[in-house]
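Hello,

Here is the structure for you to look through. My notes follow below.

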Amino acid sequence: MKKTLAMLTGLAMAFSLTACGGSTTAATTAAAETTAAAQTEAEKAPETEAEKSGNDKLVVGFAQIGQESGWRDAETNDVQWYAARNTDTIELTFADAQQKQENQIKAIRNFIEMGVDVIVFPPVVETGWEAVLTECQEAGIPVILVDRGIDASAGDDLYTTMIASDHVWAGEQAAIVMNDLLGGKGKVVELEGTVGASAAVQRKKGFDEYIAANCPDIEILDSQTGDFTRSMGKEVMESFLKTYDDIDAVFCHNDDMALGAIEAIKEAGKKPGEDIKIIGVDGVKGAFEAILAGEMNCTVECTPILAEQIFETAAKLKNGETVDKWIMSADGVYTSDKVTQEVVDGRQY
Ligand code: GZL
């Protein structure tokens, strides 16, 4: 209602300015009547979520991608637990888009209708957001991107900030470890994440460009999407193993696909982590357990524990503060020598 009243009053003011052409008295009377009508109208306007919640709570709309990986579930749990522990100051409306961009867009439009204070979402793919993000702008609702970004050509004024890891860095780190594991020579296959997702595009860029520039004797035999899921990661690795009999290593854009690849390698009668080296990204507990068991060689962390940063940043935006365009997570690289039972037991996700 707050926003509606402002808009209607603005209209009334605009009207009074354009009505100045007639006699002053008539224009003033008309403007006064219009403002009064606008204010009456505004009294009838439905309250936004922000106003329903008494205005002092931070009302956040979160349009989650889905449940494609253990990493995604860890992010969802962290966000929901944080909001549940802070119900006195936070009101969270959460939507699960089941991996579909159109569902994320629908959820964002609902959040605009509700008049939330801040909209938060991980864009499932980099493109196709201009229209809905322009609607957020027009509604005066700041947008926080989490864990994935949008295509820079769409202009970075379409969102307020991004809270995410550096996915190019993760790809580069995986290539550095790969080069070390293979002693600078070998044949590699690549399991890519969701087609068009910034995390996949950028991890591939980091890995492939480092290998091309620094590892003349490492060949990338093939690269296909496993859509960030364990089942598709296993399926694609099975097809790689049928096609190539000389695979020395696999780079997986996330740990769930690495765990699927391990299953496929075992079923092919080979030893994962030994016959075929395996590197993943995310740092989920399953990867640490596989590394401890000698079935995987490295995971490059990409923390999903972002809730505190998300809600603290959202509160700043509600208060009109400015924040950095990219709030980058700090992540580690976990090779076998760094993974002990104590490290595994201490993992937060
Ligand atoms: C990374 C995130 C990716 C994870 C996957 O920030 O977008 O999506 O690496 C998840 O596990 O599906």
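First, a term: a polar contact is a pair of N or O atoms within 3.5 Å; within protein, one must be able to donate a hydrogen and the other to accept it, and residues adjacent in sequence count only if both atoms are side-chain atoms. One such pair joins a polar side-chain atom of Thr313 to the backbone oxygen of Gln309, at 2.6 Å.

The model is predicted, so local features need pLDDT of at least 70 and side-chain atom pairs pLDDT 80 or more, while totals for chains, interfaces and linings use all residues. Residues are numbered from 1 along each chain as its sequence is written, and side-chain values use heavy atoms, without hydrogens or water.

Thr313 is part of helix 12, residues 307-318. (Helices are DSSP runs of H or I, at least four residues, numbered from the N terminus.) Thr313 counts as buried because its relative accessibility is 6%, and buried means under 20% (1.4 Å probe, protein chains only).

Now the ligand. The residues around it number 13, each with a heavy atom within 4 Å. Among the closest are Glu68, Asp147 and Arg148. By class, six are charged, four nonpolar and three polar. Asp, Glu, Lys and Arg count as charged; Ala, Val, Leu, Ile, Met, Phe, Trp, Tyr, Cys and Pro as nonpolar; the others, Gly among them, as polar.

Ligand oxygen atoms lie 2.6 Å from a polar side-chain atom of Asp282, 2.7 Å from a side-chain N or O atom of Arg203 and 3.0 Å from one of Arg72. Helix 4 (70-84) and helix 8 (198-214) each give two or more residues to the shell.

Best wishes

Conventions
Buried < 20%, exposed > 50% of the residue type's maximum accessible area, 1.4 Å probe, protein only.
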